[in-house]
Amino acid sequence: MAASVRMDPTSSADAGHPLAPIPYVVRSVATETPDIVTLTLNPHATKRIPPFRPGQFNMVYVYGVGESAISISGGTSDGQLIHTVQSLGKVSNALTRLTPGDTLGVRGPYGRGWPIAEAKGRDLVIVAGGLGLPPLRPVLYEIFRNREAYGRIEIIDGARTPKNLVYYDEVQGWRRRSDLRIQVTVDAAGRDWYGDVGVVTTRIPDARFEPERTTAFICGPEIMLKLTAQALAARKVPADSIFISMERNMKCAIGLCGHCQFQSSFVCRDGPVFSYAAAQPLLNVKEV
Amino acid sequence: MKGEGEHKLSREIASHPFFHGMTREFVHTVAAEAVERSFVADDMIAVEGTEADILYLVLEGKVALELGAADRPPITVQTVGSGEIVGWSWLVPPHRWRFSIRALKPTRLVAIDGGIMRRTLHAHPDWGFQFMVRFMPVLAERLENTRIQLLDIYGR
């Protein structure tokens, strides 16, 4: 645990500044994989971030370590937040080491989320790769709350191995629903795995949807986004009906610093969700 | 009764996506030498390194393609389900399975004798061409999927 975690977060002179993080307390920590945890956070006091839309992210601040953009994986009307974090760098490593009772700072929510309302009345194909499911989780619960508003729901979740799958128990619960279809696939597995083996793109031909009335949401590493979008396009899903969540090194989160520039867009402000029609020309360009 | 069984098998083969559009005569020739086989979960259908003289059509169920070594447990590198085919080693010398095949759940297959297939395709080049037109895309797709797996697309 970082020594500064127990500092008094309410003592900041900048507490009223719009970019000042709001203190939250770690309520619980669930270990998803050896390097991925899910943090459930409660507001430290009455102040909390505004309601979020699925697909948005928060800037999460570990006091004394730094700040990192983390997708919002869930929340409640009383201000609780869920963030799933993989240990990849200094800040995310510190986040995965937090324990219940620790305090951290949150500012947000930021960015444009998934166009769920626009997808009403249509079939939905939701494809997650690697740590792609956490940013899509709020989409699924929004759909579950309003299931009759959508057509067929196809969920495809891919990971390197069964040990790298997040929300495993939760996904098993979704599998029991009769009003959606879930395909879980891994790149390699041992004999204790009776599910599919193959990259996520191999499951697209088997997905059931009507291409002309389908909206697709894809989240994962950029190469996976590209290949999955291509596989959906091969099944005649229009490029402007495919949406991808881009990942860049976000710092300010309000479109000022330029760290997350994506040609003429800023991922933090104009994304992270983009239509494939808009992003496609840039996905093959180096260092955009 | 054999006639009825052959007729049923002909229908199963003709309705399998791989054989879709093949001539009735070719399907009947294949069906005459084919048998249906059923397996339960964890049954070994083929073992890596052993003689491979069968083309399998998956009618129902799912199988795992496994690679193993003496110093590690077998690893599943691909799963194949209904409507797909398994086995190309019967076509490529030395006709030994390059991987093991294990049933992952109750699985029904059509087993087609590879030696007879080779002779039939050799004797009827038009059928051979039609067969290869269907066979090559399967191999190409699996090669492409293997290349994507090599990219480690879930890595950062």
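In this predicted model, Leu104(B) reaches across to the other chain as well as into its own: leaving aside residues up to four places away in sequence, Leu104(B) touches Tyr194(A) along with Ala41(B), Lys62(B), Val63(B), Ala64(B) and Thr79(B). The residue sits in the loop that links strand S7 (100-103) to strand S8 (107-113) of chain B. Is Leu104(B) buried or exposed? With 23 other C-beta atoms within 10 Å, Leu104(B) counts as buried, because the cut-off for that label is 20 or more. A step of 16 residues along the chain leads from Leu104(B) to Thr120(B), and the C-alpha atoms of the two are separated by 32 Å.

Thr120(B) turns up again where two helices of chain B meet. Helix H3 (residues 114-123) of chain B packs against H4(B) at an angle of about 120°, and the axes lie 5 Å apart. On the H3(B) side the contact is made by Thr120(B), Leu121(B) and His122(B), and on the H4(B) side by Trp127(B), Gly128(B) and Phe131(B). Sorted by type, the residues of this contact come to 3 nonpolar and 3 polar, with no charged ones.

Stepping back to chain B as a whole, its tally is 4 helices and 8 strands. Their order along the sequence is α-α-β-β-β-β-β-β-β-β-α-α, so the pattern has helices at both ends and strands in between. The C-alpha trace spans about 55 × 30 × 30 Å along its principal axes. How does the radius of gyration of chain B, 16 Å, sit beside what a compact globule would have? For 156 residues such a globule would come out near 15 Å, and the value for chain B agrees with that. Of the 156 residues in chain B, 29% count as buried. Among contacts in chain B with a separation of 6 or more, 73% join residues 24 or more positions apart.

The contact between the chains draws 18 residues from chain B and 24 residues from chain A. On the chain B side, strand S5 (72-81) and helix H4 (125-151) each supply at least two residues. Which element gives the largest share of that side? It is S5(B), with 7 residues. By type, the chain B side divides into 10 nonpolar, 6 polar and 2 charged residues.

Chain A brings two open sheets into the picture. One has 7 strands in the order S4-S3-S7-S1-S2-S6-S5, with antiparallel pairing. Strand S4 (66-71) and strand S5 (74-75) of chain A are at its edges; each has a single partner strand, so one side of each goes without a neighbour in the sheet. Even with that edge position, S4(A) is mostly covered, as 5 of its 6 residues are buried. S4(A) pairs with S3(A) in the antiparallel sense over 6 bridges, and one of the matched pairs is Val60(A) with Ser68(A) in S4(A). The two strands form a hairpin with 3 residues between them, and in the turn Gly64(A) has a positive phi of about 85°. Strand S3 (residues 57-62) of chain A also pairs with strand S7 (residues 103-110) of chain A, again antiparallel, over 4 bridges. Here Tyr61(A) stands opposite Gly105(A) in S7(A).

The other open sheet of chain A also has 7 strands, in the order S11-S10-S9-S8-S12-S13-S16, but with mixed pairing. Its edges are strand S11 (196-197) and strand S16 (273-275) of chain A, each with a single partner strand, so one side of each has no neighbour in the sheet. At one end, strand S10 (residues 181-186) of chain A pairs with S11(A) in the parallel sense over 2 bridges. The bridge partner of Thr185(A) in S11(A) is Asp196(A).

Helix H2 (residues 133-145) of chain A lies across four strands, namely strand S8 (123-129), strand S9 (153-159), strand S12 (214-219) and strand S13 (242-245) of chain A, and runs at about 155° to S8(A). The buried residues in H2(A) are Leu133(A), Pro134(A), Pro135(A), Leu136(A), Arg137(A), Pro138(A), Val139(A), Leu140(A) and Ile143(A). The length of H2(A) also checks out: at 1.5 Å a residue, its 13 residues should span 18 Å, and the end C-alpha atoms are 18 Å apart, which agrees.

Definitions and conventions: Residues are numbered from 1 along each chain as its sequence is written. Chains are lettered from A and ligands numbered from 1 in the order in which they are written. This is a predicted model: local features need pLDDT of at least 70, side-chain atom pairs count only at pLDDT 80 or more; totals for chains, interfaces and linings use all residues. A residue is buried if 20 or more other C-beta atoms lie within 10 Å of its own, exposed if 12 or fewer, and partly exposed in between; C-beta atoms are placed from the backbone. Two residues are in contact if their C-beta atoms, placed from the backbone, lie within 7 Å. Two strands pair if DSSP finds at least two bridges between them. Axes are lines fitted to C-alpha atoms, for helices over the stretch in contact, and angles run from 0 to 180 degrees between N-to-C directions. Ala, Val, Leu, Ile, Met, Phe, Trp, Tyr, Cys and Pro count as nonpolar, Asp, Glu, Lys and Arg as charged, and the others, Gly among them, as polar. The expected span of a helix is 1.5 Å times one less than its number of residues. The radius of gyration is taken over C-alpha atoms; the globule rule is 2.2 Å times the number of residues to the power 0.38.
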